[in-house]
Amino acid sequence: MKELSGDLLRSTTVIKVLAFVFLAVAFFYFGKHWSDGSSQQLLFFNSRQNPSEPISPSAVSLSSNFNKTFDLSTVINDTNKQQSGQVSIPPPPPPAVQNMGLLDENGVMKEDFAVGDYDPDVVENWPGVGNETDLSENNKVVKVKKFGLCPESMREYIPCLDNVEAIQKLNSTEKGEKFERHCPEKDKGLNCLVPAPRGYQTPIPWPRSRDEVWFSNVPHARLVEDKGGQNWITIDKDKFKFPGGGTQFIHGADQYLDQIEKMVPEIAFGRHTRVALDIGCGVASFGAYLLSRNVLTLSIAPKDVHENQIQFALERGVPAMVAAFATHRLMYPSQAFELIHCSRCRINWTRNDGILLLEVNRMLRAGGYFVWAAQPVYKHEAALEEQWEEMVNLTTRLCWKLVKKEGYIAIWQKPLNNSCYLSREEGTQLPFCDPQDDPDNVWYVDLKACITRLPEEGYGANITTWPSRLHDPPERLQSIQLDAYISRKELFRAESRFWKEIIESYVRALHWKNFKLRNVLDMRAGFGGFAAALIENQLDCWVLNVVPVSGQNTLPIIYDRGLLGVMHDWCEPFDTYPRTYDLLHAHGLFSIERKRCNTSAIMLEMDRLLRPGGRIYIRDSLAVMDELQEVGKAMGWHVSLRDTSEGPHASYRILTCDKRLLRA
């Protein structure tokens, strides 16, 4: 039995050995079959540059030729030809076009892009809020010496209008040249902080400020002495009071406005008439009372013997600027205003071939109205009757139609097109301006004794009524010199949505409705989307939109929307009194203007314009933030650097600055 079991064990072992040999031979011939070139090849490769390097597991992988059939002789021949220069390998196909972010497949800006949002739960804990910020950039630290206070005598200082040295050198002042801009040379500009008057108080909020302001904030009684009998302004203890009267409407602005609208119902305040200009405005009661009728009025006057009338207007919270009809165009575009008003504004409209009224004609919208309330309208004295006849003759040659004359008010209407001008007798004076003359070019441009031709396309006249015009892309977009053409309306809508979402975030997360905002300056306004968003969010304020001369002139679009704006060069000071605005907003301004202007000079001007307790929001590239923070601290501002909604890795930041009250 033992022998039998041993034989079986040995036979089993032999069988196993024979099976292993058989399998080995089979795999040998199977491998040879796959390597003889008659079938598909399984090739391997490695990425080693040096054959002596050990092979790592990641260096060996399946060839990209796996599962492909090749004719090896053809491959070898093609390789030889390539090495001999006979055949070149074709370039790879271009990468597929990816449509990212704001653009659709046609390269046009989309309306449904996402701006991002603030998280109100974490906004108070953002990095930099209330904390000092790391000011180092590439191991360089920006340092700015602290600015001191200017002398007390400069508390109402307007650099380009108070340049006594330049005014004394003028060859002539008979046309009002001394009231125009004469800016200091660069080395003689403002280098200190303009102080507030002693006893300065936080301004009375709107709408109470329409009727009263603190005496200590504008401590000048000259206007009360000169105009006390005309119901302009009175003093009551520690306040100025504004009864709402004017030289020609001593019984109140409301009654006066009712009379104008009754004379010409088509004026339709707040619907057809949305933007007005008040020339020689006094303390701006005309514009103050139009605000309740949904009319934005820009009140202007020169800095003359009643030098603080514009300051009173701004302290009241009414849109106003220092400006004079003299030898240069005003800084507003053609066809800006639906109504232009002059009530005893002390301007001789017929002098120098009517050149000043021609400037009014340039700014007046096609079909708009000119309202003149003055003694020549109603007084029967020889000299005044002669002035009236001259005015009628001038307006007739301008093709203005005298719509209504009643009491002491006369109202003319500008034509809607050029047909009247073209039908005048040949040789009639007041010719058309040169076709090459751009009526929207206003920065230091001389007045011209010619008629601004109306666009044949109807641009400026074909706007919608308020409030739809705030959102409708105006047809005049097509006349603006932009890099885009087909997508202009899309750009307009995109900008509007961009600012709408950002302002909604500010209101929700940063509690903007708790701020006492009234006078707001947008230093680089674009199409006016920032101002429009403030209106949509029902913030009770007005915005002066500034269009810098260094960019595209979008000012006509701002007015077509029913907003206010002005052209300006931020390398020079602005024409307004100190302590004018509650909020200054600058989007992308410094990263552009730092190539032309001194950053500290712009920020000193911002400090001059801002009321104590006011705020500044600078939204700009990270590259400029170190310098802006240091300059702001040198002025005594409280500065905080915040992330935008794009997060901490975005190239933009928001610098918020609060101005404190500094006393001498």
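Buried means under 20% relative accessible area, and exposed means over 50%. Keep those two cut-offs handy for the exercises below, which all work on a predicted model.

**Exercise 1. Is strand β14 mostly enclosed or mostly open, and which strands pair with it?**

Step 1. Find β14 at residues 409-413 and apply the burial cut-off: 4 of its 5 residues are buried, so the strand is largely enclosed by the rest of the structure.

Step 2. Look for its partners. Strand β12 (residues 364-373) runs antiparallel to β14, joined to it by 5 bridges. Strand β13 (residues 401-406) also pairs with β14 in the antiparallel sense, over 5 bridges.

Step 3. Pin the pairings to residues. On the β12 side, V371 has I411 as its bridge partner in β14. On the β13 side, K405 stands opposite A410 of β14.

Step 4. Check the turn. The hairpin of β13 and β14 has 2 residues between the strands, and G407 takes a positive phi there, near 60°.

**Exercise 2. Which residues other than glycine have a positive phi, and are they buried or exposed?**

Step 1. Recall the background: most residues other than glycine have a negative phi, and most peptide bonds are trans.

Step 2. Take Q335. Its phi is positive, near 50°, and Q335 sits in the loop between β10 (320-322) and β11 (337-343). With 3% relative accessibility, Q335 counts as buried.

Step 3. Take C399. Here phi is positive too, at about 65°. C399 belongs to the loop between α10 (382-397) and β13, and a relative accessible area of 9% makes C399 buried.

**Exercise 3. Where are the cis peptide bonds that lead from W206 and from W466?**

Step 1. Start with W206. The peptide bond from W206 to P207 is cis, with omega near 10°. P207 is part of the loop between α3 and β5.

Step 2. Move on to W466. The bond from W466 to P467 is cis as well, again with omega near 10°. P467 lies in the loop between α11 (419-422) and α12 (488-509).

**Exercise 4. Place Q168: which helix holds it, and is it buried or exposed?**

Step 1. Read off the helix: Q168 is found in α3, which covers residues 164-168.

Step 2. Compare its accessibility with the cut-off of over 50%. Q168 has 64% relative accessibility, so it counts as exposed.

Step 3. Add a distance. Q168 and K178 are 10 residues apart along the chain, and their C-alpha atoms are separated by 8.7 Å.

**Exercise 5. Work out the strand order and the edges of two open sheets, one of 3 strands and one of 7.**

Step 1. Recall how sheets are held: strands pair through backbone hydrogen bonds, either parallel or antiparallel.

Step 2. Lay out the sheet of 3 strands. It is open, with the order β5-β7-β6 and antiparallel pairing. Its edge strands are β5 (212-214) and β6 (234-236), each pairing on one side only. On average, neighbouring strands in this sheet are turned by 30° against each other, direction ignored.

Step 3. Zoom in on one pair. β5 and β7 (residues 239-241) are antiparallel over 3 bridges, and W214 has K239 in β7 as its bridge partner.

Step 4. Now lay out the sheet of 7 strands. Its order is β17-β16-β15-β18-β19-β21-β20, and the pairing is mixed. The edges are β17 (564-568) and β20 (638-643), which each pair on one side only. Its neighbouring strands are turned by 20° against each other on average, direction ignored.

Step 5. Look at a parallel pair in it. Strand β18 (residues 581-587) and strand β19 (residues 610-621) pair in the parallel sense over 6 bridges. L583 stands opposite R615 in β19.

**Exercise 6. Describe the second largest pocket: what is its volume, what lines it, and why does it lie between two domains?**

Step 1. Get the volume: about 760 Å³.

Step 2. List the lining. There are 29 lining residues, and the closest to the centre of the pocket are D437, D438, P439, D440 and S479.

Step 3. Sort the lining by class, which gives 12 nonpolar, 8 polar and 9 charged residues.

Step 4. Locate the pocket. Domain 1 (244-423) and domain 2 (468-659) both contribute lining residues, so the pocket lies between them.

Technical notes
Residues are numbered from 1 along each chain as its sequence is written. This is a predicted model: local features need pLDDT of at least 70, side-chain atom pairs count only at pLDDT 80 or more; totals for chains, interfaces and linings use all residues. Side-chain values use heavy atoms; hydrogens and water are left out. On a 1 Å grid over the protein atoms alone, a cavity is a set of points where a 1.4 Å probe fits but cannot get out, and a pocket is an open set with protein on both sides within 12 Å along at least five of seven lines; lining residues have an atom within 4 Å of a point. Grid points are joined across faces, edges and corners, and a volume is the space filled by probe spheres set on the points. Ala, Val, Leu, Ile, Met, Phe, Trp, Tyr, Cys and Pro count as nonpolar, Asp, Glu, Lys and Arg as charged, and the others, Gly among them, as polar. Domain bounds come from an automatic or database domain assignment. Buried means under 20% relative accessible area, exposed over 50%, partly exposed in between (1.4 Å probe, protein chains only). Two strands pair if DSSP finds at least two bridges between them. Axes are lines fitted to C-alpha atoms, for helices over the stretch in contact, and angles run from 0 to 180 degrees between N-to-C directions.
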